[in-house]
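I opened the structure to look up two things. One is a helix packing, the other a sheet.

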Number of protein chains: 2
Amino acid sequence: MLNAALKKNKVPLYLQIAEVLRQRINGGVWSQGDTLPSLNALMEEFSVSKVTIRQAVKLLQEDELLAPQRGRGTVVTAVPKNRRPLRVETTLADLIEMYSGDVPDVLNLSEDFSSPADHLTEGRLAEEYFHMRRIHSRNGERYCVISMYIEKSVFLDSEERFRKELVLPILFSLSTPKIARARQKMIIAKCNIETAGLINISIGDPVAEIRRVLYDENDTVIYHADVIYRGDYIRLDMDLRP
Amino acid sequence: MLNAALKKNKVPLYLQIAEVLRQRINGGVWSQGDTLPSLNALMEEFSVSKVTIRQAVKLLQEDELLAPQRGRGTVVTAVPKNRRPLRVETTLADLIEMYSGDVPDVLNLSEDFSSPADHLTEGRLAEEYFHMRRIHSRNGERYCVISMYIEKSVFLDSEERFRKELVLPILFSLSTPKIARARQKMIIAKCNIETAGLINISIGDPVAEIRRVLYDENDTVIYHADVIYRGDYIRLDMDLRP
DNA sequence: ACTAAAAGTTCTATAGATAGAAACTTTAGT
DNA sequence: ACTAAAGTTTCTATCTATAGAACTTTTAGT
């Protein structure tokens, strides 16, 4: 039964099995210091050849999650770590506070003056926007790509800051225009080829695609951003209010 | 540059390219009736051999997204469809209304009397729970696996209904106990081997792992569920209240 | 020292993935 | 009918993935 899912997929068996073993390690089934079932036992569990298991183990060895030792077994060497460091905020107040702690590194990719292409379901567009693409990273790990539009006159008022600093804290600190409300939409997708290259994950890996729109008091769009986060970097935590 | 992401991944090139082409079709870059760039053009774009492109195209042909035609080109045959039918609710009021429309089919997998295993960060556990695992589907398509715990005495009061119907609407219709509040947490993960088998997606495909906890007025956990949704079935839409 | 357990190595064999090239067939336009 | 465009087929070649089996080496326990 477990094997059916493996065999029906075209991805090589050893890659799939490596993922299964990785999930067991990351999910706490096996902890640092534990010894995995023997290669023979894993062969039987997954109904595959030993060489397939060994290739899967080798991948995890290269990632320093496992250390196979002849005569002894395969030991888990993975260091437990917080793999969900970033919380996606679900209230405006929290969004304002989002970067009060650890500030990510910012790498700007490109910029121009243009407007969001899609049709808004609500609010109205200003005449022109500043468009910027950037990457955020922490501890050298890139975790999201942002494509954002800032209303042009707002941008020009603080041009230097917008280019160097995080944009949301700036927007929220402005007295004019005042951010009256915000919307955020999210879907889960497979990583596209371009983003995969930019943030060093694989095509098809899980990502969150988030759209954030900030409106002023006249319901004009002040900020419109499409953010792609690597899926393993974020979590959402919602208090479902009555 | 585009090719670097392909080449550094161990998944076969034709599978990766199929995914890229699939995303372009699903993302609206190519619509039904459009003709793709020629195989030679795609070969050049991705810097791969023609046979690799042809294998990618063949996969999409089998999925009825593409129809290659000799002398003419490769035409998009994909039927546009709503690929995000289910909205994950982010307020309690919406959660109550969640199933007022189209009701999913329910397949029960297993049941027993046991308690949630993990340590709660808040609230308190009752003495015993009814545990049930089930699958939801719509139009024959399985889209989530649920592992839920219902407080035992609550369950026993409406045992028949809980086994047959959707659980949340029942819980919300109860006068005793009253649901006082709820929390919902979500992470994005790669599909595990078991769930992949249950809902017919691939190991490693994007999924949402959602935990929902409902509390009564005494902050006792009445309902505790871990739900794994296929990532392409859901969307979140958050009005960020000030 | 002996034994059992377990990983590592070697061997044979087949199928799949990938590359590159050339020739053939089909379609559409002139 | 001719030409250009584009997919299809065929060929050669190499590498990778997978299977199964047997043997060797290492480790740990008695």
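I take two strands as paired if DSSP finds at least two bridges between them. The model I am reading is predicted.

Entry one, the E3(B) pairing. I looked up how E3(B) joins strand E10 (residues 234-240) of chain B, and I found three bridges. The two strands run parallel. I then checked Leu86(B), and it stands opposite Ile234(B) in E10(B).

Entry two, the whole sheet. I followed the pairing outward and got an open sheet of eight strands. I wrote the order down as E4(A)-E5(A)-E6(A)-E9(A)-E8(A)-E7(A)-E10(B)-E3(B). The pairing is mixed. Which are the edge strands? I noted strand E4 (105-113) of chain A and strand E3 (86-88) of chain B, and each pairs on one side only. From one strand to the next, the twist averages 20°.

Entry three, the helix packing. I turned to helix H2 (residues 13-26) and helix H3 (residues 39-46), both of chain B. They pack at an angle of about 110°, and their axes are 13 Å apart. I count angles of 65 to 115 degrees as roughly perpendicular. H2(B) and H3(B) are therefore roughly perpendicular to each other. I logged their crossing as right-handed.

Which residues meet there? From H2(B) I listed Ile17(B), Val20(B), Leu21(B) and Arg24(B). In H3(B) they meet Leu42(B), Glu45(B) and Phe46(B). By class, I noted five nonpolar and two charged residues in the contact of H2(B) with H3(B), and no polar ones.

Conventions: Residues numbered from 1 in each chain as written. Chains lettered and ligands numbered in written order. Predicted model: local features only at pLDDT ≥ 70, side-chain atom pairs only at ≥ 80, totals over all residues. Heavy atoms only, no water. Axes fitted to C-alpha atoms, helices over the stretch in contact; angles between N-to-C directions. Helix = DSSP H or I, 4+ residues; strand = E, 2+ residues; numbered from the N terminus. Parallel < 35°, antiparallel > 145°, perpendicular 65-115°, else oblique. Left-handed = near helix turned anticlockwise from the far one by under 90°. Contact = heavy atoms within 4.5 Å. Nonpolar A, V, L, I, M, F, W, Y, C, P; charged D, E, K, R; others polar.
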